[in-house]
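User: I would like to learn how to read empty spaces, chain symmetry and cysteines in a structural model. Could you take me through these features one at a time?

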2 protein chains.
Amino acid sequence: MQTWMRFMSGDGGIVFGRVEGAYLHEYESLAQPVPTGAVLSLRALTPLAPCAPGKIVALWNNYHALAAKLDKPVPTHPLFLMKPAASVIGAGEPIRRPRHYAGKIVYEGELGIVIGQRCRDLDVQQAEAAIFGYTLVNDVTAADLLNENPHFPQWCRAKSFDTFCCLGPAIVSGFDWRAARLLTTLDGVERQNYPLADMVFSPAEQVSLISQDLTLEPGDVIACGTSLGVGSIKDGATVSITIDGIGTLTNTLSAAPRDAPQRLGDTANVG
Amino acid sequence: MQTWMRFMSGDGGIVFGRVEGAYLHEYESLAQPVPTGAVLSLRALTPLAPCAPGKIVALWNNYHALAAKLDKPVPTHPLFLMKPAASVIGAGEPIRRPRHYAGKIVYEGELGIVIGQRCRDLDVQQAEAAIFGYTLVNDVTAADLLNENPHFPQWCRAKSFDTFCCLGPAIVSGFDWRAARLLTTLDGVERQNYPLADMVFSPAEQVSLISQDLTLEPGDVIACGTSLGVGSIKDGATVSITIDGIGTLTNTLSAAPRDAPQRLGDTANVG
């Protein structure tokens, strides 16, 4: 197993590489995992989301236990929506409540597959080889929007707000997901604790089937869906998602700003 | 009005600029529309989709006439899904039937808004200023997938296959959409002919409201939704979408390859 992370360096540049002890062994990129020869002290670096996906393909109803609880049959093909690049934040960054949304926001702790090579129409064996590694995802959802309009379920909108895709803290390659469990805590209280082996479509099956629909690019992430224990995050609450061997992804929901309209994220412009 | 296009040059590079007569006046990029000083003959250039969106936000039910026909109320907020970057093709490129899908494929002729500046939480006036220009979209859809699973409408999947977002041929800035009509022909026979003024949310309203949900980046496209006359494309049929002042976007649906599994689009590997 190897642990890969992405950082901002002191001069504002972005570096990616393999973490060993207190050092980052820099690599060209996730798509070209060739060492540059540089070795950097982690103390001088600010962690970022471990990759910068062009898109996140997020599955619904991919665990037998959740399907049973929802009383739905397990799907015969991955059921998915997409979250955009701008929804991604890293470990420790705040989830921001959308300014015009006062409703329920929920966490969904998920295994994330990080794609290593361009994937088109791959079989399962090719798909396995195209997986760079695994990370953690909090697939944050504005739950009250999902069925706000009775004629059009708003899966994309409810899950695509800026900061609604927490990724990190690291990507672990060579990780055996079959024996692992995912734990989610809300303000320190355990809320999810499920075995990844309960997945309907395995990671390689997901990559293979989705690659027959659309091209996956290096750095793209598939969020494998969640299982039992999804729940509401109150403003100020902290969600931590852990898989032993990958790490812990922690993010706090911050309340919406109360001042005049602004450009979100552009804090220098706050009135 | 100015007409903007994107091309591949003889050396494989990508050039973007303003078209005047038989020449391209090259500009740095859509995000930085500053002339480079270069003037290129169009004869030496191969047209591409006029921009390379990171994402396409595609609206559903945004015309009063279609809402009335569907007997649905008009929405109070844009209802949308997302199509990924890899779904984009330009004018003249083939729409490819997915290898594992033998069902109905439909055209949807739409106005496309091309974003010129990063948009976050914009009001309508700011949104108007952030629109670079307008293009044409064929929002191709694998219609039989939409409701294939009764528990999860597959809007993203049905519209996200590679080649299912036809864009082009040009972006026209300073275009007045209010007086324009969109015409779609299938193998030369008129199928859609509707006024853009029938939109529920105007382009600036769409940009404003969507920017309150998620960040739009330069080059991103909003497909404004379609109106009456959507229909099926048989393999080998040609769809042309026209708005006077923007141009005509023509694409043909090619049948799925019949040989052994391959990597789609990688024709050098076809067995």
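User: How much space lies in the largest cavity?

Analyst: The general idea is that rolling a probe the size of a water molecule over the atoms shows where empty space is left. In this structure, which is a predicted model, the largest cavity holds about 70 Å³ of space, and the count of cavities of 30 Å³ or more comes to one.

User: Which residues and elements line the largest cavity?

Analyst: The lining has 13 residues, and those closest to the centre are Trp155(A), Cys156(A), Pro153(B), Trp155(B) and Cys156(B). Two or more residues each come from strand 7 (79-84) and helix 4 (155-159) of chain A, and likewise from strand 7 (79-84) and helix 4 (155-159) of chain B. By class, the lining of this cavity divides into 12 nonpolar residues, one polar residue and no charged ones.

User: How is chain B related to chain A?

Analyst: A turn of 180° with a shift of 0.0 Å along the axis lays chain B on chain A with an RMSD of 0.0 Å, and that is the relation of a two-fold axis. Both copies use the same surface, since 100% of the contact residues of chain B recur in chain A.

User: What lines the largest pocket and the second largest pocket?

Analyst: The largest pocket holds about 790 Å³ of space, and of its 36 lining residues the closest to the centre are Arg120(A), Ala85(B), Ala86(B), Val88(B) and Ile89(B). Strand 1 (2-8), strand 5 (46-47) and strand 8 (88-89) of chain B each give two or more residues to that lining, which divides into 17 nonpolar, eight polar and 11 charged residues.

The second largest pocket, with about 670 Å³ of space, is lined by 29 residues, of which Ala86(A), Val88(A), Ile89(A), Glu93(A) and Arg120(B) lie nearest its centre. Here strand 1 (2-8) and strand 8 (88-89) of chain A each supply at least two lining residues, and the classes are 15 nonpolar, five polar and nine charged.

User: How many disulfides are found over all chains, and why?

Analyst: A disulfide is a covalent bond between the sulfur atoms of two cysteines. A search of the whole structure finds zero of them, with a cut-off of 2.5 Å between the sulfur atoms. For Cys165(A), the closest cysteine sulfur is that of Cys166(A), 7.1 Å away and therefore too far for a bond; Cys165(A) is also buried, with a relative accessible area of 0%. For Cys51(B), the closest cysteine sulfur lies in Cys165(B) at 8.8 Å, again too far for a bond, and Cys51(B) counts as buried at 3% relative accessibility.

Conventions. Residues are numbered from 1 along each chain as its sequence is written. Chains are lettered from A and ligands numbered from 1 in the order in which they are written. This is a predicted model: local features need pLDDT of at least 70, side-chain atom pairs count only at pLDDT 80 or more; totals for chains, interfaces and linings use all residues. Side-chain values use heavy atoms; hydrogens and water are left out. Buried means under 20% relative accessible area, exposed over 50%, partly exposed in between (1.4 Å probe, protein chains only). On a 1 Å grid over the protein atoms alone, a cavity is a set of points where a 1.4 Å probe fits but cannot get out, and a pocket is an open set with protein on both sides within 12 Å along at least five of seven lines; lining residues have an atom within 4 Å of a point. Grid points are joined across faces, edges and corners, and a volume is the space filled by probe spheres set on the points. Helices (H or I, at least four residues) and strands (E, at least two) are DSSP runs, numbered from the N terminus. Ala, Val, Leu, Ile, Met, Phe, Trp, Tyr, Cys and Pro count as nonpolar, Asp, Glu, Lys and Arg as charged, and the others, Gly among them, as polar. Copies are superposed by least squares on the C-alpha atoms of residues with pLDDT of at least 70 in both. Contact means heavy atoms within 4.5 Å.
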